[in-house]
Structures are given as C-alpha cells and as structure tokens.
Amino acid sequence: MEPVVVATEEDEANNIPKKLDAGALFVLKSRGSWLHCGYHLTTSIVAPALLSLPYALSLMGWFAGVICLTVSALVTFYSYNLLSLILEHHAHLGQRQLRFRDMARDILGPRWGRYFVGPIQFGLCYGAVIACILLGGQSLKYIFLLSSSRPETMKLYQFVIIFGVLMLVLAQIPSFHSLRHLNLVSLVLSLAYSACATAGSIYIGNSMNAPGKDYSLNGSKQNRIFGSFNAISIIATTYGNGIIPEIQATIAPPVKGKMLKGLCVCYAVVLSTFFSVAISGYWAFGNQAKGTILLNFLVDEKPLLPTWVLLMTNVFTFLQVAAVSVVYLQPTNEVLERKFVNAKIDQFSVRNVVPRLVYRSLSVVIATTVAAMFPFFGDINALIGAFGCIPLDFILPMVLYNVVFKPSKYSLLFWGNTIIASTFSALGVLGAISSIRQIILDANTFSLFANV
C-alpha cells in the first residue's frame, strides 16, 4: 500500500491534492454501484422520523402542510443533485472529494471546512444517532408494553440501554460500503412500517370509534405562527440528509450519472412513504395528531388496532432505526479512523482493530447515555435540524454550485439558487428560534432518566 500523507493547513490553503487518510481509505471505500447508493440514500432519509409528519401538518393545516411537503421534496432532490454534479465535476478534474468538509475546504476555503461545515455535520449526524437510539428504546418499550402482562416492571432508560448494546455490535461494521445489504433490508422495512401506519390511520379514520376530525389550528395567533416554523423544522429534518458527499464517496469510479440514479430510487420511496403517512395520519386525527402517529393508535392505553398490527409496526420500526443509526455513525467513524488508525498497514491488523473497537464503542456508549438521560431529546433534535439540516441540505448546495460553475448573474439558474438559499436561510433562523422557544416551554416537564 502506498504511504499516506496527512493534510496540513498549508496544504489545504494551497489546495494541494492529498493521498487518502485512514478515514477515507477504510470507512468510505469506493466500491459500490448506483443501486447500493440508492439503498444508502433511502436509509439516511426515509427513517422513522417520517411518522411525525402528520403532527407537522397539524401545525400548518392542509394547504400549507402539503405545499411545504411538496416544496421540500423538490428542493432537496434538486439540491442533492447539485451536490452530485459538483462532486462529479471535481472527480473529472482528478480531485475527487469524499467528505462534505472536503467540498467546503476546496471550494470556499479551509476555514469553512474546519470550523463551519465539519462541526455542523458532526453535530447533526451524532445528534441523529442519539435520537435514533432513543427512538429504538421507545419502540422496544412499546413492544414490551403490548406483549407483557407486567408492563410496569421496566423503565425507558433500560430499553434505551438494551438498544445501545445492539448498536455496540452494529457499530463495528467496518465500512459504509459494508452496509449495502443491511440498507436494502432497511428500505423494505421503511416501506413496511409506512404501509402499516397508513393502513392503520385509514382503518381508524373509517371506524365507528374514529376520533372527531378537526383540522383547525390550535392556540393563539402567536402559537400558530411559531408552530408553523416548528413544523418547517420538522419537515426539513425529515427530508434532511447531511451526508450526500460521503454516500457518493462509496460509489466505484467512474461516478458520472450514478448518483442521479440512486436519488431516483430514493425519492420513489420518499414520495410513496412521506405523503401516504402524512396525509392519511392528518386525515384520521386532524389537529390531535401526536408527535409520532403510532401514539394515536392508543387511547387511554387501549389499542385502536389489533395488537398484532401494532406489534408488527413497532418491530419494523425498531429494526429499521437500527440501520439508520449505523448509517449516521459513519461520519463519526470516519473521524475516529482518521485520528486513531494507521492507514499504512492492513485495516484488520491488531494495531488498527483495537483502537477501532475501543473508540467506536465509546462513541456508542456516550450516545446511549445521553439518550437515556435526556428522553426529551426530540425537542433538542428539532433545534439540531434547524442548525444542521437546513444549512447543509437547503442552503450550501446552491451556494457551492454558484461558486463552482459561476452561472451568469442574469440567468434563471443563478437567481433560482440565490432565492432558494436566501429563503431557507431566513426559515432556518425562524425555525431555530421556534425550536428554542419550544424547549423553554417544555423545560418544566424535563427530568433526567424520565420514563416517558
């Protein structure tokens, strides 16, 4: 194997091409096909967070909610394709970029990669891991409540720890490319629980015990305004990705055109799941839709659907959220490999396996501890979404495209990108304010290791 040269700040400033470090060489292996890319994209976007879309619609109403869902789908597909074109352009020039911070460094300057994009992406991805571990624990608890005659014997933090143990094992999967088969299963699972949630909402909405349907917006005018911006943050987080360059890095060269095919696979699943769950859930429960639609399937701890349906839906959710967690662990794994693993020797040598095992396990233990201690992390994750998903997925792609390809300032493309970036910059700020306000309002209900 060729010796690896670690990048210096002087190299970054001069944009000198560098050989691969251990993170890129071992975690971001470029061996996949466009279909594998589609699996990775689908798992990173179509996650159990989509079950919160009926709640987002309840904060906005039919017209604004469906418009926001549609616009977010169009903008994210467009922005992810722009990122892909930029990456293909640099690959064609012999300067393939494998990480988001590499793009920012090469295009905007080294400080943008080191102090802006890198920290934001790390916070977004690690926050997603914490949220997924919490959601996995909640799904496991839900399964236990439905199947046990003594549901009061275990607390939420215990289920979170059990899920964390599962993640300790999955975190040792060596590379992003190694997840391709797991992510195919994840794609099927996302279709399965989305179908269950949609069918459950339609069944309940048409049943004799159907709740009253009220589609008016709750609260004062001020609360409705802040609720709308909070809903935008929820929808942006649901469509968010934040790791497009890392996913494209798994594609074997030549990369031209492959990412677009993968995006088409992904968005076929996105459209069939997001809209069906959001519309059916809001139709069935109106402004009573809860943070996740599965909570509406129980009233006073009595299921509105057959128990086996609820069990099946939660098992599908539990299994898929494990795959999502592993996908969003990859940027953390890449950083750890770059720091503690030696790229000059074999990936599976004792010298490399031991630090990999220790530091990956430590990152999972920390995430599990935070999830168990702060089961209200959903509120904090909305804030992370506003500060993370919107900049990385709705703003930076347009800015980077304009900087790299320099479309005419009189062209529709230039002004379209500028308007999208400016609009979502404003929405991101308002969404962050709304998320902070919601955290303050909910602060009185927060307690460590709460059994919620």
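In this predicted model, 53% of the 452 residues of the protein count as buried. The chain is built from 16 helices and two strands. Its radius of gyration is 22 Å, close to the 22 Å that the globule rule gives for 452 residues, so the protein is as compact as a globular protein of that length. Taken along the principal axes, the C-alpha atoms fill a box of roughly 70 × 60 × 40 Å. Among contacts between residues at least 6 apart in sequence, 83% join residues at least 24 apart.

A good place to start exploring is the interior. In soluble globular proteins, nonpolar side chains tend to be buried together. Here, the largest nonpolar core has 116 residues, and Y239 and F274 have the most contacts inside it. Helix 7 (residues 110-147) gives the most to this core, contributing 15 residues. Leaving aside residues up to four places away in sequence, Y239 touches ten partners that include F274 itself, along with I45, L69, Y80 and Y267.

Helix 6 (residues 100-108) is largely enclosed by the rest of the structure, because seven of its nine residues are buried. The buried residues are F100, R101, D102, M103, A104, R105 and I107. Following helix 6 comes G109, with a positive phi near 125°.

The surface deserves a look as well. The accessible surface of the protein comes to about 19,400 Å², and 68% of it belongs to carbon and sulfur atoms. F63, I67 and V71 form a nonpolar patch there, together offering about 310 Å² of accessible area. Within this patch, I67 is found in helix 5 (residues 62-92) and is partly exposed, with a relative accessible area of 42%.

Terms used:
Residues are numbered from 1 along each chain as its sequence is written. This is a predicted model: local features need pLDDT of at least 70, side-chain atom pairs count only at pLDDT 80 or more; totals for chains, interfaces and linings use all residues. Side-chain values use heavy atoms; hydrogens and water are left out. Buried means under 20% relative accessible area, exposed over 50%, partly exposed in between (1.4 Å probe, protein chains only). Helices (H or I, at least four residues) and strands (E, at least two) are DSSP runs, numbered from the N terminus. Patches are made of residues with over 30% relative accessible area and no salt bridge: like charges are joined within 9 Å, nonpolar side chains (Val, Leu, Ile, Met, Phe, Trp, Tyr) within 5 Å. Accessible areas come from the Shrake-Rupley method with a 1.4 Å probe; for residues, only the protein chains shown count as cover. A salt bridge is a side-chain nitrogen of Lys or Arg within 4 Å of a carboxyl oxygen of Asp or Glu. A nonpolar core is a set of buried Ala, Val, Leu, Ile, Met, Phe, Trp, Tyr and Cys residues joined through side-chain atoms within 4.5 Å. Contact means heavy atoms within 4.5 Å. The radius of gyration is taken over C-alpha atoms; the globule rule is 2.2 Å times the number of residues to the power 0.38.
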